[in-house]
Amino acid sequence: MNLVLIVQLLWSLCLACQDIFSLRNNRDLHAPDILLFFVIIDWVMEILMFSGFCASASVTIFFMKDMNFCAEYRRLDCSQFTLSVTLVFFTWLLQAASSFSGF
């Protein structure tokens with residue numbers, strides 16, 4: 001999940017730099033080949049984020065419900081696990097909305 005979010009951050013940074021460059025040089029980003037490239041990469045990022053979210057949710061459920069790690073090991077802060085999974089889910093929802101709006 002961390003790797004996917006780092007790749008998403010780098011992709012968003014590259015898109016922001018591309019937008020700034022096109023605004024400064026009065027270039028048009030609405031060419032069909034450029035838009036298709038952006039949409040395909042956004043879809044790939046969305047699929048990777050969803051797989052990371054599903055894996056994180058399954059590990060969190062495994063720790064909390066199946067193995068009872070939270071009850072046995074008080075040092076683990078299980079509320080942070082659930083919070084991180086929730087935040088990844090919201091990030092995936094925003095990424096899905098972004099990729100479908102580009103479509």
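Is Gln 95 buried or exposed? Select Gln 95 in this predicted model. Its relative accessible area is 8%, so the residue counts as buried, the cut-off being under 20%.

**Stop 1: Gln 95 and its surroundings**

Gln 95 sits in helix H4. Leaving aside residues up to four places away in sequence, Gln 95 touches Gln 8, Asp 42, Met 45, Glu 46 and Met 49. Show Gln 8 next: a polar contact of 3.1 Å joins its side chain to that of Gln 95. Then turn on the backbone of Asp 42, whose oxygen lies 3.5 Å from a polar atom of the Gln 95 side chain.

**Stop 2: Ser 98**

Keep Asp 42 displayed and add Ser 98, which is also found in helix H4, residues 78-102. The C-alpha atoms of Ser 98 and Asp 42 are separated by 7.9 Å, while the two residues are 56 apart along the chain. Ser 98 is partly exposed, with a relative accessible area of 35%.

**Stop 3: the aromatic rings**

How many aromatic pairs does a search of the whole structure find? The search returns ten. Begin with Trp 11 and Phe 38: the ring centres are 6.1 Å apart and the planes are at 70 degrees, so this pair is edge-to-face. Trp 11 belongs to helix H1 (residues 2-24) and Phe 38 to helix H2 (residues 32-66), so the pair ties together parts that are 27 residues apart in sequence. Both Trp 11 and Phe 38 are buried.

Now add Phe 37. The rings of Phe 37 and Phe 38 also have their centres 6.1 Å apart, but with the planes at 50 degrees the pair is tilted. Colouring by accessibility separates these neighbours: Phe 37 is partly exposed at 46% relative accessible area, whereas Phe 38 is buried at 15%.

For a cluster, select Phe 50, Phe 53, Phe 89, Phe 90 and Trp 92, which are linked by ring pairs.

**Stop 4: the cysteines**

Which disulfides does the structure contain? A search of the whole structure finds zero. Cys 17 is in no disulfide, and the nearest cysteine sulfur, that of Cys 14, is 6.5 Å away. A disulfide would need the two sulfur atoms within 2.5 Å. Cys 17 has 46% relative accessibility and so counts as partly exposed. Finish at Cys 54, which is partly exposed as well, with a relative accessible area of 34%.

Methods:
Residues are numbered from 1 along each chain as its sequence is written. This is a predicted model: local features need pLDDT of at least 70, side-chain atom pairs count only at pLDDT 80 or more; totals for chains, interfaces and linings use all residues. Side-chain values use heavy atoms; hydrogens and water are left out. Buried means under 20% relative accessible area, exposed over 50%, partly exposed in between (1.4 Å probe, protein chains only). Helices (H or I, at least four residues) and strands (E, at least two) are DSSP runs, numbered from the N terminus. Rings of Phe, Tyr and Trp (its six-membered ring) pair if their centres lie within 6.5 Å; planes under 30 degrees apart count as stacked, over 60 as edge-to-face and the rest as tilted. A polar contact is a pair of N or O atoms within 3.5 Å; within protein, one must be able to donate a hydrogen and the other to accept it, and residues adjacent in sequence count only if both atoms are side-chain atoms. Contact means heavy atoms within 4.5 Å.
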